[in-house]
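Open the model in your viewer and keep the selection tool at hand. The tour goes from the strands to the rings, then to the pocket and the tail.

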Amino acid sequence: MNHLMKQFRVTSEKGYYFICKVFDTKQEMYAYYLKRCKKWGDEIGELDFAAQVSPYEKRNTENWELKKEIGEAIFNSERLGFGLTCHELLHMALWHERLIEGNTTATFGESCGEVEERLAYTLTEFGRQFNDKCHKYGLYK
């Protein structure tokens, strides 16, 4: 049985969001992942991750408009350190950059410019919300 501790959203300033699911243990996170892979028809390899981001697009079937939910991230409460969390949040920010901002190759150039700053601010916003919600729900051990 999966023991999902908490589920919440982290949302960009433009309103696009990722669903974050924090499980009690790595084993419970893996069980959820396996169930989800079967549901989505994904191929399953060796399970060796501490957290994972699954970016996706959901569109309205009538007008093909992009919906606000753009991905899911799974974590386990045993590994909610800021380094791992930031790593996964960067994956979220890069997907947002590619899908929402139109930077399809996520190319940022050799110097810090407007695009890189925009990416950093998106990462900061996702990170702040994730950290605040983990504290709010008492998820840090």
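## The sheet

Select S2 and S4: the two strands run parallel and are joined by seven bridges. This is a predicted model, so local features need pLDDT of at least 70 and side-chain atom pairs count only at pLDDT 80 or more, while totals for chains, interfaces and linings use all residues. Residues are numbered from 1 along each chain as its sequence is written, and side-chain values use heavy atoms, with hydrogens and water left out.

Two terms are needed here. Strands (E, at least two residues) and helices (H or I, at least four) are DSSP runs, numbered from the N terminus. Two strands pair if DSSP finds at least two bridges between them.

Now pick Lys21. Its bridge partner in S4 is Ile74.

Stay on S4, residues 69-76. How many of its eight residues are buried? Eight of the eight are, so S4 is largely enclosed by the rest of the structure. Buried means under 20% relative accessible area, exposed means over 50%, and partly exposed lies in between (1.4 Å probe, protein chains only).

Add S3, residues 51-55. S3 and S4 run antiparallel, with five bridges between them. Pro55 has Gly71 as its bridge partner in S4.

Next, add S1, residues 4-11. Seven bridges join S1 to S2, and this pair is antiparallel. Leu4 stands opposite Phe23 in S2.

## Turns and loops

Go to the hairpin of S1 and S2. Five residues lie between the strands, and Gly15 takes a positive phi near 95° there.

Select Tyr16 in the loop between S1 and S2. Is Tyr16 buried or exposed? With a relative accessible area of 15%, Tyr16 is buried. Measure from its C-alpha atom to that of Val115: the two are 18 Å apart in space and 99 residues apart along the chain.

Jump to Trp64, in the loop between S3 and S4. Most residues other than glycine have a negative phi. Trp64 has a positive one, near 65°. Its relative accessible area is 60%, so Trp64 counts as exposed.

## Rings and charges

Show the aromatic side chains. The structure holds seven aromatic pairs. Rings of Phe, Tyr and Trp (its six-membered ring) pair if their centres lie within 6.5 Å; planes under 30 degrees apart count as stacked, over 60 as edge-to-face and the rest as tilted.

Zoom to Phe18 and Phe126. This pair is edge-to-face, at 5.8 Å centre to centre and 85° between the planes. The pair links distant parts of the chain: Phe18 is in S2 (residues 17-23), Phe126 is in helix H3, and 108 residues separate them. Phe18 is buried because its relative accessibility is 0%. Phe126 also has 0% relative accessibility, so it counts as buried.

Then select Phe8, Phe75, Phe130 and Tyr137. Ring pairs link these four into a cluster.

Two charges come next. A charge sits over a ring if NZ of Lys or CZ of Arg is within 6 Å of the ring centre and within 35 degrees of the ring normal. The charged end of Arg9 sits over the ring of Tyr17, 4.0 Å from the ring centre. For Lys68, the ring is that of Tyr16, with its centre 4.1 Å away.

## The largest pocket

Select Ser12, Glu13, Lys14, His96, Glu101, Arg118, Tyr121, Thr122 and Glu125. These residues line the largest pocket, which holds about 160 Å³ of space.

Which element gives the most to the lining? Helix H3 (residues 114-136) does, with four residues. By type, the lining divides into five charged, three polar and one nonpolar.

## The tail

Finish in the segment after H3. Leu139 is found there. At 1% relative accessibility, Leu139 counts as buried. Its C-alpha atom is 8.3 Å from that of Lys6, although 133 residues separate the two along the chain.

Last, select Lys141, which also lies in the segment after H3. Lys141 counts as exposed, at 73% relative accessibility. The C-alpha atoms of Lys141 and Gln52 are separated by 20 Å, with the residues 89 apart along the chain.

Definitions and conventions:
On a 1 Å grid over the protein atoms alone, a cavity is a set of points where a 1.4 Å probe fits but cannot get out, and a pocket is an open set with protein on both sides within 12 Å along at least five of seven lines; lining residues have an atom within 4 Å of a point. Grid points are joined across faces, edges and corners, and a volume is the space filled by probe spheres set on the points. Ala, Val, Leu, Ile, Met, Phe, Trp, Tyr, Cys and Pro count as nonpolar, Asp, Glu, Lys and Arg as charged, and the others, Gly among them, as polar.
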